[in-house]
Amino acid sequence: MYTYIVIDDEMLTRKGTIKKLEDMSSEISCCCEAENGVEALEKIKTHNPDIIITDMNMPFMDGTKLLSILSEEYPEKQIIVISSYKDFEYIHQAIKANAIDYILKPFRKEELQKTVKKAIEHLESEDMSSRQTISSDIAKEESLLDYDKQLLHSLLFGYQSSDINLISKKLAKIASTHDYVLFNIHSSKAITEASVNNFLNENGFGDLAVFFKSKRSNNVGFLILFVGKSSSLNIKTFCSQIANNFVYQFNFDHPFLCFGISELYDSLHNLNDAYHETISALNMRKLSENNSCFFFEDRPKQYPKYNWSKKEELLFNIEMGNTENVRKLIESMFEDYVADDLYVHRVKHIFLQLLNESQSFLTDFDDESQGEASLNVENTLNNLFSLEELKDYYMSFFSNISETAKENSNTNNYNIVDKLCVYIKKNYRKNLSLEILSSMLYMNRSYLSQCFKKQTGETFVDYVNNVRIENAKTLLKGSEKKAYQIAKSVGYSNSKYFFRVFKKKTGMTPEQYKESC
C-alpha cells in the first residue's frame with residue numbers, strides 16, 4: 001500500500017481531500033497532514049510518503065518554494081498540485097517539479113482519484129524498474145561470486161598459483177581486510193550449499209564466510225571463515241564452537257561429520273597450504289571418533305609402528321587371484337583396525353604399503369592393467385576419512401587387483417602349482433615354506449607337496465633353492481657384495497646353509513664361483 005500527505009493551510013480542504021480518497025483505501029492511505037511548506041518538509045522526512053498533495057498559496061513557505069525543494073531533494077516522489085488560482089507561475093513551477101497534475105479548486109472526487117491512480121501507476125512502474133535493477137544487480141553479484149568460487153577452488157587444489165583478482169563485492173572487500181581459516185567438512189551424506197548457507201546466515205556468519213562444494217565428492221565441502229585482523233578471539237575455541245553448532249544442526253541428517261581446520265592465514269594465496277593442513281588434521285582422528293573437529297599441528301603426530309599379522313597372506317591371495325579370500329582378509333583387517341583404534345593416517349599408510357608391494361607383480365600385466373592400478377590414489381585418499389569409506393576403498397581396490405591377477409593367469413590352463421611357481425620366482429627373497437603357502441591356499445600340506453612334485457619333478461624345497469641359487473649366481477657375477485650379504489638378499493637367513501646349498505647345486509663355493517666368473 002502507498003501513502004500520501006496533504007499539505008494545505010485550510011483544515012477543511014485537507015479533510016475534504018482525505019474524504020474524497022476513502023474509496024481507494026485498499027491502495028492508498030493518508031500518513032500525515034501539514035499546514036505549510038515548513039511543516040510539510042519535517043513530516044515528509046519523518047513519514048516518507050509516496051505521494052504529495054499540496055496547495056500553492058500557503059503561509060511561511062508557499063508551494064512555489066516547497067516544489068523547488070521537493071524536486072531537488074525528493075525527485076522520486078509523486079506530486080499533485082491543488083490550487084484556487086490558475087496562475088501561470090504556479091503551473092510553470094508544477095511542471096518544473098514534474099508534478100503529475102495541476103488541479104483547480106474546487107475539484108470533484110473523480111478528478112482527484114483519477115490523478116491519484118495515475119500517480120500510483122507511476123509508482124508501480126518505478127517499483128518494477130527498481131526491482132528489476134536490484135534483481136539484475138543481485139544476479140550479477142551472484143555470477144561474480146560464482147566466478148570467485150571457481151578461482152578459490154583452483155587455488156585450493158594448487159591448480160593456480162599466480163596473482164588472483166577477486167571481482168565480487170563480497171569477497172574483494174572482506175579478503176583485503178580479514179584473515180581466514182579453512183574448514184574441510186567431511187560428511188557421510190551429501191552436503192548441500194543451500195543448507196550450509198542457511199546455517200551461516202542463521203548464525204550470523206553469512207557475510208563472513210564463503211562455502212563451496214568439492215568437485216570430487218558431494219560429501220566434502222570447504223568453508224573459508226574470515227576473522228578480523230585485530231580480533232582478540234581464541235581461534236580454536238571460536239572454530240570449535242562453530243563446528244559444534246554445525247554438528248548440532250546437521251547431526252540428524254548426517255550421522256558422521258568431521259572438520260579439519262587449518263592455521264590462520266592472511267592471504268588467499270596460501271589456500272593450498274591451508275588445504276593440506278586440513279587433510280593432515282583430519283588424518284589425526286581415530287577410526288572410532290565421529291562428529292569432531294581436528295586442528296592442524298605443526299609437528300606431525302608420531303604414530304606407533306603397526307604390523308598386521310596377515311599381511312603376507314593378503315598379498316599372496318591378491319597375487320594368486322583368490323578374490324573371495326582377499327575380501328575376507330580385508331574384513332578381518334578392519335576388525336583389527338577398529339580393535340586397535342588406529343589413526344586414519346595409519347590406515348592410509350598401510351594401504352600405500354600394500355599397494356607398493358602389489359606393484360611387484362602388477363608390472364607383468366598389460367599396460368591397461370598397470371594403468372588401472374596406477375590411479376591417483378593420493379587424491380582419492382584425501383577425500384576418505386570414515387571407517388566405511390576406507391574399508392570400501394580397500395575392498396574395491398584390492399579385489400580389482402586380484403581379479404586382474406586371475407584374468408591374466410588364464411585359469412583354464414594355469415593351475416595352482418603353476419601359480420605357486422610364478423609366486424616363488426617373484427618372492428624368493430621372502431620366508432617361503434610349504435606350511436605357510438598351503439595354509440594361505442587353505443590346502444592340505446601333504447597333498448600340495450605331492451601335486452607340486454608330480455607337476456615340476458622337484459620337491460618344493462629343491463625348487464625354491466634352485467630359484468634362489470640362480471639369482472645368487474647373477475648377483476655374484478655383477479655385484480661387489482660379500483657372499484653372506486648375497487645370501488641374505490636371496491632369502492637365506494643362515495649364510496652357512498646358503499654356502500652348503502650353493503656348493504651342492506654348482507659344485508663350487510660362492511667365492512670360487514665368483515672368481516671363475
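Reader: Which residues of β4 point one way, and which point the other way?
Author: Gln78, Ile80 and Ile82 point one way from β4, while Ile79, Val81 and Ser83 point the other way, and all are buried. The model is predicted: local features need pLDDT of at least 70, side-chain atom pairs count only at pLDDT 80 or more, and totals for chains, interfaces and linings use all residues. Residues are numbered from 1 along each chain as its sequence is written, and side-chain values use heavy atoms, leaving out hydrogens and water.

Reader: What makes β4 mostly covered?
Author: Buried means under 20% relative accessible area, exposed over 50%, and partly exposed in between (1.4 Å probe, protein chains only). In β4, 6 of its 6 residues are buried, and the strand is mostly covered.

Reader: How do you know that β3 and β4 pair?
Author: Two strands pair if DSSP finds at least two bridges between them. Between β3 and β4 there are 4 bridges, and the two strands run parallel. One position to look at is Thr54, which stands opposite Val81 in β4. Strands (E, at least two residues) and helices (H or I, at least four) are DSSP runs, numbered from the N terminus.

Reader: Which strands stand at the edges of the sheet with the order β2-β1-β3-β4-β5?
Author: This is an open sheet of 5 strands with parallel pairing. β2 (28-34) and β5 (101-104) each have a single partner strand, so one side of each is left without a neighbour in the sheet. Neighbouring strands are turned by 20° against each other on average, direction ignored. The partner of β2 is β1 (residues 2-7), joined to it in parallel by 6 bridges, and Ile7 stands opposite Ala34 in β2. Helix α1 (residues 11-20) lies across β1, β2, β3 and β4, running at about 175° to β2.

Reader: What is the pairing in the sheet with the order β7-β8-β6-β9-β10?
Author: The pairing in this open sheet of 5 strands is mixed. Its edge strands are β7 (209-213) and β10, each pairing on one side only. β6 and β8 (residues 220-228) run antiparallel, joined by 9 bridges, with Asp179 opposite Val227 in β8. β6 (residues 178-187) also runs antiparallel to β9, through 5 bridges, and Ile185 stands opposite Phe259 in β9. By contrast, β9 and β10 (residues 292-295) run parallel, with 4 bridges, and Cys258 stands opposite Ser292 in β10.

Reader: Why is β9 called largely enclosed by the rest of the structure?
Author: 5 of the 5 residues of β9 (residues 257-261) are buried, so the strand is largely enclosed. Leu257, Phe259 and Ile261 point one way, and Cys258 and Gly260 the other way.

Reader: Why are α10 and α11 called roughly antiparallel?
Author: Angles run from 0 to 180 degrees between N-to-C directions, and axes are lines fitted to C-alpha atoms, for helices over the stretch in contact. Under 35 degrees counts as roughly parallel, over 145 as roughly antiparallel, 65 to 115 as roughly perpendicular, and the rest as oblique. The axes of α10 (residues 311-320) and α11 (residues 323-340) come within 9 Å and cross at roughly 155°; α10 and α11 are therefore roughly antiparallel.

Reader: Which residues make the contact of α10 and α11?
Author: Glu313, Leu314, Asn317 and Ile318 of α10 and Asn325, Val326, Leu329, Ile330 and Met333 of α11 make the contact (heavy atoms within 4.5 Å).

Reader: Why are α7 and α8 called oblique?
Author: Helix α7 (residues 193-202) and helix α8 (residues 235-250) pack at an angle of about 125°, with their axes 11 Å apart. That angle falls in none of the named ranges, and the two helices are therefore oblique to each other. Ser195, Val196, Phe199 and Glu202 in α7 meet Ile242, Asn245, Phe246, Gln249 and Phe250 in α8.

Reader: How do you know whether Val347 is buried or exposed?
Author: Val347, found in helix α12 (residues 344-362), has a relative accessible area of 0% and is buried. Leaving aside neighbours within four places in sequence, Val347 is in contact with Leu287, Phe334, Tyr337, Leu342, Leu390 and Tyr394. Tyr394 is 47 residues away from Val347 along the chain, and their C-alpha atoms are separated by 9.8 Å.
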